[in-house]
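Me: Could you take a close look at one residue in this model and then walk me outwards from there? I'd like to see how the parts around it fit together.

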Amino acid sequence: MASMTYKDLQVLYTREQIAARVAEIGAEITRDLNGEKLVMVGVLKGAAPFLADLARAVQVDATFDFVAVSSYGKGQRSSGAVKVIKDLDESVEGKNVLIVEDILDTGLTLSYLRKIILQHRPRSLRIAALLDKPSRRIEKIEADYVGFSIPNLFVIGYGMDYAERYRNLPDICIMSPDHPE
Ligand code: IMP
């Protein structure tokens with residue numbers, strides 16, 4: 001793979017650090033659910049690896065659903081607009097819902113998703129975000145479970161992309177603005 005520039009990228013969190021933190025969050029979620037069932041709603045595509053790992057770290061009776069929203073387009077800049085491209089498959093009315101997201105950045109995506117999922121009247125609604133960039137927030141929203149709080153960096157790997165690439169990197173890496181791609 002001649003174009004794979006992984007060697008030039010700076011690792012922010014290793015796969016071991018991610019796994020350890022995901023295990024901790026899974027234990028917290030298990031405790032908070034107190035034996036009740038859970039619907040894990042992954043936000044495509046970035047949250048897929050986090051959801052897969054988190055699902056195996058919770059000891060609860062869980063099902064999966066997925067939503068997709070329009071997001072960053074091809075570059076590092078947000079368009080600001082959020083719209084649902086793929087809605088929930090099943091009704092979440094009366095259920096415990098956990099939205100699973102890769103990054104809580106401006107908060108536009110999760111504020112919007114929270115609003116539309118709440119319209120379905122779930123029993124409870126919580127948010128798990130692997131990464132949080134509090135300094136970037138536009139909408140007032142916090143996740144119930146946060147993997148790592150980070151400064152204003154653009155990151156890739158473990159599901160997160162730059163123009164759809166790098167999602168399969170096992171570690172979370174920093175993409176500098178002058179990276180050759
Ligand atoms: P928000 O609506 O601004 O909170 O953006 C959330 C979405 O933006 C995330 O789910 C990611 O898809 C994307 N995003 C935000 N920051 C980054 C980043 O550093 N790397 C890759 N994607 C990002």
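Reply:
**A close look, then outwards**

Asp65 is found in strand E3. Here helices (H or I, at least four residues) and strands (E, at least two) are DSSP runs, numbered from the N terminus. Before going on, please keep in mind that this is a predicted model, in which local features need pLDDT of at least 70 and side-chain atom pairs count only at pLDDT 80 or more, while totals for chains, interfaces and linings use all residues. Residues are numbered from 1 along each chain as its sequence is written, and side-chain values use heavy atoms, with hydrogens and water left out.

Back to our residue. With a relative accessible area of 3%, Asp65 is buried; buried means under 20%, exposed over 50% and partly exposed in between, with a 1.4 Å probe and protein chains only. Its contacts (heavy atoms within 4.5 Å), leaving aside neighbours within four places in sequence, are Val39, Met40, Val41, Gly42, Lys86, Leu88, Asp89 and Glu90. Take Met40: 25 residues separate it from Asp65 in sequence, yet the two C-alpha atoms are 6.2 Å apart. On the Asp89 side, a polar atom of the Asp65 side chain lies 3.0 Å from the backbone nitrogen of Asp89. That is a polar contact, a pair of N or O atoms within 3.5 Å; within protein, one must be able to donate a hydrogen and the other to accept it, and residues adjacent in sequence count only if both atoms are side-chain atoms.

Now step back to the sheet. Six strands form an open sheet in the order E4-E3-E2-E5-E6-E7, with mixed pairing; two strands pair if DSSP finds at least two bridges between them. Strand E4 (84-86) and strand E7 (145-149) are at the edges with a single partner strand each, so one side of each has no neighbour in the sheet. From one strand to the next, the twist averages 30°. Further into the order, strand E2 (residues 38-44) runs parallel to strand E5 (residues 96-104), and four bridges link them. Gly42, which we met as a contact of Asp65, has Val100 as its bridge partner in E5.

Just past E2 there is a detail worth a look: the peptide bond between Leu44 and Lys45 is cis, with omega of about -5°. Lys45 sits in the loop between E2 and helix H2 (48-57). Another backbone detail is Arg121, in the loop between H3 and E6, where phi is near 50°, a positive value in a residue other than glycine. Arg121 counts as exposed, at 57% relative accessibility. Both details catch the eye because most residues other than glycine have a negative phi, and most peptide bonds are trans.

Helix H3 (residues 108-118) lies across E2, strand E3 (62-69), E4, E5 and strand E6 (124-132), and runs at about 165° to E5. That angle is taken between N-to-C directions, from 0 to 180 degrees, using axes that are lines fitted to C-alpha atoms, for helices over the stretch in contact.

Strand E6 holds a second aspartate, Asp132. Asp132 is buried too, at a relative accessible area of 5%. Not counting residues up to four places away in sequence, Asp132 touches Leu104, Arg137, Glu142, Val146, Phe148, Ser149 and Ile150.

E5 and H3 also lead us to the ligand, since each supplies at least two residues of the shell around it; E5 gives the largest share, three residues. In total 14 residues surround the ligand, the closest being Asp102, Thr106, Gly107, Thr109 and Val155; a residue counts as near if one of its heavy atoms lies within 4 Å. An N or O atom in the Thr106 side chain is 2.4 Å from a ligand oxygen, and a polar backbone atom of Asp105 is 2.9 Å from an oxygen of the ligand. A ligand nitrogen lies 2.6 Å from a backbone N or O atom of Val155. The protein buries 94% of the 490 Å² that the ligand exposes when taken alone, with areas from the Shrake-Rupley method and a 1.4 Å probe; for residues, only the protein chains shown count as cover.

Val155 brings us to one last piece. Three strands make an open sheet in the order E1-E9-E8, with antiparallel pairing, and its edges are strand E1 (10-13) and strand E8 (155-156), each pairing on one side only.
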